[in-house]
Amino acid sequence: MTLHDHEIPVDAPLVRSLLAAQCPQWAGLPLSPAGAGTDNTMYRLGGELLVRLPRTVEHGDSVRKEQTWLPRLAPLLRSVRIPELVHAGVPEGAYPAVWSVHRWIDGDTVGPDTVRDWPALGADLAGFVRELHGTGLMGAERTGDLAGYRGGDLAPFAPQVDKAFAALRAVDGGGLDIDTLERLWRAGLARPGAGGPRGWLHGDLKPGNLLVRDGRLHAVIDFGGLSVGLPDAEHAAVWDLPPQARQAYWDAADLSDATWSRARAWAIAVAVNGIPYYLHTYPAFVAECRARLSAVLTDAAGR
């Protein structure tokens, strides 16, 4: 499945060639597909390792960022597990991007069949976010690859969101109340900026990046969106969770109405952009975006 221009073809023989060249001690281990996201393709290596390969050279910037910062953040984040880097791969042969090998983390992605207690999950997630946001920056600044757009204000993103709303109207077919979504987006946009100190942000706390064990939050993965910035967009992923988890997150995080409004605007903006962009290439992601927007509408109608 090709999602972007200039994607690097990846298959098991390519991965084995990378391992043989840079990690010969693992080259003979069993290798099997372990899923793919919008930015990376993963292979399980033996029983204890995971190979993570960016889809494009540009997406390699996020992998390089993980290679730099995950080893420094890991000792400071104790509420859940995060990926443990065991090899920082470099371009090799037919593969022109950096890549990584991480320690495998057992667990199931968050979903209705894996979570026993949604309020507990929401509170656990809020605890991780509070822990991450409170971790010292260790000299990191909001520059370069740590200046992700989701760590900034909403206003610079507005022209792109306006175009995305127009594109969504052209392809939606009446399934979403786009007028209300646009009103909620503009309500968040009209709020004063978050201000306050900048901190570490994960950048993409959707359910697919949350692993549970025995029904409770166990690990947070995929730190490719790691940045330094303002916290509003970090809270947007709670609209991917059921209402019970969202309410528990709100209560545990003690968020103001203004922060909630801006976070909701971020949730809308990302989903509205995602539907037209991936409409013909990634239907599962489009369905996630539609579900998020439906949750925003249901939530707003009940408040």
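Here are some questions and answers about this predicted model.

User: Let's start with strand β2 (residues 40-45): how many of its six residues are buried?

Analyst: Happy to begin there. Strand β2 pairs in the antiparallel sense with β1 (residues 31-36) over four bridges, and with β3 (residues 49-54) over six bridges. The rest of the structure largely encloses β2, because the number of its six residues that are buried is five.

User: Which residue in β2 stands opposite Ala36?

Analyst: Ala36 belongs to the pairing of strand β1 with β2, which is antiparallel. A hairpin of three residues links the two strands. The partner that Ala36 faces in β2 is Thr41.

User: And which residue in the turn between β2 and β3 has a positive phi?

Analyst: These two strands are antiparallel partners, with Arg44 standing opposite Leu50 in β3. Three residues lie between them in a hairpin. The turn residue with a positive phi, of about 65°, is Gly46.

User: In what order do the three strands of the open sheet that includes β9 come?

Analyst: Start from the edges: β6 (108-109) and β9 (216-220) each pair on one side only. Strand β8 (residues 210-213) pairs with β9 in the antiparallel sense over four bridges, and Val212 stands opposite Leu217 in β9. The order of the open sheet is therefore β6-β8-β9.

User: Which helix lies across β8 and β9?

Analyst: Good one to look for in the viewer. The helix in question covers residues 118-133 and runs at about 35° to β9. The helix lying across both strands is α3.

User: Is Asp214 buried or exposed?

Analyst: Asp214 sits in the loop between β8 and β9, and has a positive phi of about 55° although it is not a glycine. Most residues other than glycine have a negative phi. With a relative accessible area of 60%, against a cut-off of over 50%, Asp214 is exposed.

User: Where is Asp254 found?

Analyst: Asp254 also has a positive phi, of about 55°, without being a glycine. Its relative accessibility is 67%, so Asp254 counts as exposed. Its place is in the loop between α6 (243-253) and α7.

User: How far apart are the end C-alpha atoms of helix α5 (residues 178-190)?

Analyst: We can work out what to expect. The helix has 13 residues, and at 1.5 Å a residue it should span 18 Å. The model agrees with that, because the end C-alpha atoms are apart by 18 Å.

User: Which helices do the buried residues of α5 pack against?

Analyst: The buried residues of α5 include Ile178, Leu181, Leu184, Trp185 and Gly188. An α-helix has 3.6 residues a turn, so residues three or four places apart point the same way. The buried residues of α5 pack against α4 (158-172), α7 (257-278) and α8 (283-302).

User: How much space lies in the largest cavity?

Analyst: Rolling a probe the size of a water molecule over the atoms shows where empty space is left. The structure holds one cavity of 30 Å³ or more. Residues lining the largest cavity include Arg150, Leu201, Ser227 and Glu234. The space in the largest cavity is about 30 Å³.

User: Which elements give two or more residues to the lining of the second largest pocket?

Analyst: This pocket holds about 250 Å³ of space. Its lining has 18 residues, with His133, Pro197, Arg198, Gly199 and Pro231 nearest its centre. The elements that give two or more residues to that lining are β7 (199-201) and α7.

Technical notes. Residues numbered from 1 in each chain as written. Predicted model: local features only at pLDDT ≥ 70, side-chain atom pairs only at ≥ 80, totals over all residues. Heavy atoms only, no water. Pairing = 2+ DSSP bridges. Contact = heavy atoms within 4.5 Å. Axes fitted to C-alpha atoms, helices over the stretch in contact; angles between N-to-C directions. Expected span 1.5 Å × (residues − 1). Buried < 20%, exposed > 50% of the residue type's maximum accessible area, 1.4 Å probe, protein only. 1 Å grid on protein atoms, 1.4 Å probe; cavity = no way out; pocket = protein on both sides within 12 Å on 5 of 7 lines; lining within 4 Å. Points joined across faces, edges and corners; volume = space filled by probe spheres on them.
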